[in-house]
Amino acid sequence: GNRQYYCKQQSGHLHRSWRHPFGRPTVLREAESITALQALGVPVPRLVFHAAEKLAGQWKAILVTEALTGMLPLDRWYAEMAESISPDARAMLLTRIGQTLAKMHRFGWQHSCLYAKHVFVRVEDGPFPKAEVVLIDLEKCRKRLRPAQAATHDMNQLHRHRASMSEADWQQLVLNHTQALDG
């Protein structure tokens with residue numbers, strides 16, 4: 001088939017930690033997060049290839065994932081599509097986002113950079129609406145000891161960066177997330 005890919009190339013983008021005091025390419029961290037979340041059933045981009053090497057003292061890294069063809073970041077979806085969609089389809093989307101985030105949080109994973117532009121969505125309206133959600137930009141992802149810590153951090157951040165999502169939609173999303181987290 002005619003597959004499309006997304007390629008992230010980085011030079012000198014390092015993540016420092018007690019385990020890697022001199023830094024380690026963020027691409028490697030992102031690839032590990034994608035692999036871990038995928039294994040848990042959290043919808044993330046499909047990893048195709050990643051590599052990192054040090055050239056003349058400078059880290060160069062590449063990450064290739066399958067492109068999210070036909071999907072839009074949530075902020076753009078709200079700007080361009082939200083008005084033309086049925087209440088049922090909107091409710092389905094808010095449920096799917098809540099469930100997706102709750103699944104990640106239940107396993108103690110925190111996205112750490114959760115803006116509306118990092119939540120990709122596709123909504124099919126009609127008598128049986130469908131919604132698909134994929135989380136992107138996972139290079140700052142990390143494990144927390146308690147799921148509640150991960151959830152609180154990410155949900156506060158998403159609330160601040162929810163773009164043009166209405167307060168009513170936000171409250172519904174929070175309710176869906178809480179129910180899925182406790183369920």
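## Exercises on a predicted model

The buried residues of helix α1 are Thr26, Val27, Arg29, Glu30, Ala31, Ser33, Ile34 and Leu37. The structure is a predicted model, with a mean pLDDT of 94 for the chain.

**Exercise 1.** Describe helix α1 and state what it packs on.

*Solution.* Start with the length: α1 covers residues 26–39, which makes 14 residues. From the first C-alpha to the last, the helix reaches 20 Å, close to the 20 Å expected at 1.5 Å a residue. Next, look just past the end of α1, where Gly41 takes a positive phi of about 85°.

Then turn to the sheet. Three strands form an open sheet in the order β1-β5-β4, with antiparallel pairing. Because β1 (5–11) and β4 (47–55) each have a single partner strand, they stand at the edges, and one side of each has no neighbour in the sheet. From one strand to the next the twist averages 10°. Between β4 and β5 (residues 58–66) there are eight bridges, and Leu47 stands opposite Thr65 in β5. Finally, α1 packs on this sheet, touching β1, β4 and β5, and its direction makes about 155° with that of β4.

**Exercise 2.** Find the salt-bridge partners of Lys8 in Glu30 and Glu139, and say which parts of the chain they connect.

*Solution.* Side chains of opposite charge can pair when their charged atoms come close. Take Glu30 first: its salt bridge with Lys8 has an N to O distance of 2.8 Å. This pair links strand β1, which holds Lys8, to helix α1, which holds Glu30, 22 residues apart.

Now take Glu139, whose closest O atom lies 3.2 Å from the N of Lys8. Glu139 is in the loop between β9 and β10 (142–143) and Lys8 is in β1, so this pair ties together parts 131 residues apart in sequence.

Check burial against the limit of under 20% relative accessible area. Lys8, at 11%, counts as buried, and Glu139, at 14%, is buried too. Glu30 is likewise buried.

**Exercise 3.** Classify Arg24 and Glu32 by exposure, given that they form a salt bridge.

*Solution.* The closest N and O atoms of Arg24 and Glu32 are 2.5 Å apart. Arg24 has a relative accessible area of 14% and is buried. Glu32, at 46%, is partly exposed. Elsewhere, salt bridges that share partners join Lys8, Glu30, Asp137 and Glu139 into one network.

Terms used
Residues numbered from 1 in each chain as written. Predicted model: local features only at pLDDT ≥ 70, side-chain atom pairs only at ≥ 80, totals over all residues. Heavy atoms only, no water. Helix = DSSP H or I, 4+ residues; strand = E, 2+ residues; numbered from the N terminus. Expected span 1.5 Å × (residues − 1). Buried < 20%, exposed > 50% of the residue type's maximum accessible area, 1.4 Å probe, protein only. Pairing = 2+ DSSP bridges. Axes fitted to C-alpha atoms, helices over the stretch in contact; angles between N-to-C directions. Contact = heavy atoms within 4.5 Å. pLDDT = per-residue confidence, 0-100. Salt bridge = Lys/Arg side-chain N within 4 Å of Asp/Glu carboxyl O.
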